[in-house]
Amino acid sequence: MEYKLTYKEYREALKQNKLLGLKCQNCGSVTVPPKLVCRSCASMDLEVLELKGAGKIQTFTTCNVASEGRESEVPYTILLVELDEGPWLMGNLTGVDPEKATMETLIGKRVKMTETRIFPGDKYSAGEGASPTFVLEA
Amino acid sequence: MRKVAVVGVGETKFSGPQERTSVELFAEAAAEALTESNLKPKDIQALYLGNVLGDFSEGQGSMQAFAAENIGCFNVPANRYEGACASASMAVRDAWMWVASGFYDVVLAGGVERAATMGTPLATRTFAMFSDSRYEFPSGITFPAVFAMLAHLYAAKYGVPLPKLKEQLAAVSVQSYKYGMFNPQAHLRKEVTMEAVLSSFMVSTPLQLHDCCPFSDGAAALVLASEETAKKLTSKPVFVVGAGQASNGPLANQQEYLPRLRARELSAKQAYEMAGLKPEDIDICELHDCFSIASLIAAESLGFFDYGTSGEAWAKGEADIGGKVAINTSGGLKAKGHPIGATGAGQVYEIAKQLREEVEPERQVEGGRIGMTDTLGGDGCTLVNLILQRGW
């Protein structure tokens, strides 16, 4: 069994502002973040593809209380984006004052990926991480 | 499968940070459950213990073995369960299964946690471990942020204007605080008004401090016995008549199903089908109100109210004593508290006490016959439901 797209490969691409996913050769669904099987039909017949990194904001929150070690990041806005290829993805929003993020200004609005925010890691995280980061489309 | 009964329950007061160890807290709850059951430690054949963060709160792993020995259940098989906030309910369900199967006759189940002892920064970090550490934690996700996003999604999907939803959510918290006032076991025992909820600190938009449950220390325990054994131990057995459990992956992967949590709907369906009961048969429910919005989402998926309408139901008293179903008469996670590894066992404790009509008069449901628990772990990654029925 070949694991088609590992976390490390996904993260390294994301650091280059590229969003990788998996295209199911059985049902056509796109899976992101990656896993062993297709999210829809559980087939292992998958091929890596690069996604457009664009979609629509489904929901958001502006977070004022962070985890230990990340206190200096607040306030920040987290999104769930419905990507054009279908999957929903968690990420951050930049270019909008977090204090001014509202349902009216964000939900349903189109976003595209910009420079990826890096989480340098903490003592629990087994290394660094990368968060897909979005801006509102002009 | 044999019928299985809860024959005795025990619980510490849920509280803020305190100095008793996890093993000591569990011992208090276990001793009470054993005494109620008219049993000695040597009668217990196995221990199933929920404990999530002992490793972080006091540097203690393998809590189950130390807890078993401490209470005199020497050398019994002891299992620890980690399903985030649903851990104790997983333990109770497995204990039920082993007694139902005939392998054991008498099992002790429960849980313990010292979430408050960790303090807010470490507790926030460790609770975020129940989200996807690789694909979601880099964004800075926290547990309040998960439910905050579900609150905005709920408002958008069901067309409830946010100011109206905020008032409905405040009413949920006010009801929980009201019952917590009359529950001597509760962590937060104070009257909180709508105005106080709506003017409290904004944790993660749109959820404010009084929309969120506290981090609590505490323990709960119960003894499960086969029907035949139960008859010899108590005149008031509370039978486990339905049980369900399901899992789900990271939050974003639940996509268009949100704000509903699919695992809950699968778990509840299993429990209802096993019991041969419907939502309208439930008199009392302890559901997982880690955040006020979580109450609305849970009540709808459990079938008590239509999607998008449970805020109105709370406002009309339909989720209160005397309404359609009495929800969180203990004060819920909001006021009773949330020592995560113990929470599910604490819910069973409340239902058993309610069915036995042993709670304070201000929060007693008269003549209740059937109760239900609903326990959620993580972003919907573990869901457990139990249905309990009075056996006399």
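Which residues point one way from β4(B), and which the other way? Let me start there this morning, hello everyone, and then work outwards to the rest of the complex. One caution before the answer: this is a predicted model.

So, the strand. Val106(B), Leu108(B), Gly110(B), Val112(B) and Arg114(B) point one way from β4(B). Val107(B), Ala109(B), Gly111(B) and Glu113(B) point the other way, and all of these residues are buried. If you like the textbook version, side chains in a regular strand alternate between the two faces of the sheet. Strand β4 of chain B covers residues 106-114, and nine of its nine residues are buried, so the rest of the structure largely encloses it.

What runs alongside β4(B)? Strand β2 of chain B, residues 47-50, is joined to β4(B) by four bridges, and the two run parallel. In register terms, Tyr48(B) stands opposite Ala109(B). There is also strand β7 of chain B, residues 217-226, which is antiparallel to β4(B) and joined to it by nine bridges. There, Gly110(B) stands opposite Ala221(B).

Now let's look at the nonpolar core. The largest one has 173 residues. The residues with the most contacts inside it are Val6(B), Val107(B), Leu222(B), Leu224(B), Ile293(B) and Val348(B). You'll recognise Val107(B) from β4(B) a moment ago. Which helix gives the most to this core? That is α6 of chain B, residues 143-158, with eleven residues.

Leu224(B) is a nice residue to click on. Setting aside residues up to four places away in sequence, Leu224(B) touches Val4(B), Val6(B), Ala95(B), Trp96(B), Val99(B), Val107(B) and Ala109(B). Two of those names, Val107(B) and Ala109(B), are on the list for β4(B) that we began with.

Let me zoom out to chain B as a whole. Its secondary structure comes to 14 helices and twelve strands. The radius of gyration is 19 Å, close to the 21 Å that the globule rule gives for 392 residues, so chain B is as compact as a globular protein of that length. Its C-alpha trace spans about 55 × 45 × 40 Å along the principal axes. Of the 392 residues, 64% count as buried. And if you take contacts in chain B between residues at least 6 apart in sequence, 79% of them join residues at least 24 apart.

On to chain A, please. Chain A has two helices and ten strands, in the order α-β-β-β-β-β-β-α-β-β-β-β along the sequence. Its radius of gyration is 16 Å, which agrees with the value near 14 Å for a compact globule of 138 residues. The C-alpha trace of chain A spans about 45 × 35 × 25 Å along its principal axes. Here 38% of the 138 residues count as buried. For contacts in chain A with a separation of 6 or more, residues 24 or more positions apart account for 47%.

The domain assignment splits chain A into domain 1 (7-50) and domain 2 (54-136). Their centres, over C-alpha atoms, are separated by 20 Å. How many residues meet between them? Ten residues of domain 1 of chain A are in contact with eleven residues of domain 2 of chain A. On the domain 1 side, α1 (7-15) and β2 (30-31) of chain A each give two or more residues, and α1(A) gives the most, with three. By class, that side has four nonpolar, four polar and two charged residues.

A residue I'd like you to see is Thr116(A), in the loop between β7 (110-113) and β8 (117-119) of chain A. Is Thr116(A) buried or exposed? Thr116(A) has 21 C-beta neighbours inside 10 Å, so it counts as buried. Beyond its neighbours within four places in sequence, its contacts include Leu14(A), Lys15(A) and Asn17(A), and also Ala130(A) and Thr133(A). The C-alpha atoms of Thr116(A) and Lys15(A) are 5.9 Å apart, although 101 residues separate the two in sequence.

Finally, where the two chains meet. The contact takes 33 residues from chain A and 32 residues from chain B. On the chain A side, β4 (54-63), β5 (76-83), β6 (88-93) and β9 (129-131) each supply at least two residues. β4(A) gives the most, with six residues. That side divides into 17 nonpolar, twelve polar and four charged residues. Thanks, everyone; I'm happy to go back to any of the views.

Definitions and conventions:
Residues numbered from 1 in each chain as written. Chains lettered and ligands numbered in written order. Predicted model: local features only at pLDDT ≥ 70, side-chain atom pairs only at ≥ 80, totals over all residues. Rg over C-alpha atoms; globule rule 2.2 N^0.38 Å. Buried ≥ 20, exposed ≤ 12 C-beta atoms within 10 Å, placed from the backbone. Contact = placed C-beta atoms within 7 Å. Nonpolar A, V, L, I, M, F, W, Y, C, P; charged D, E, K, R; others polar. Domains from an automatic or database assignment. Pairing = 2+ DSSP bridges. Core = buried A, V, L, I, M, F, W, Y, C linked by C-beta atoms within 7 Å.
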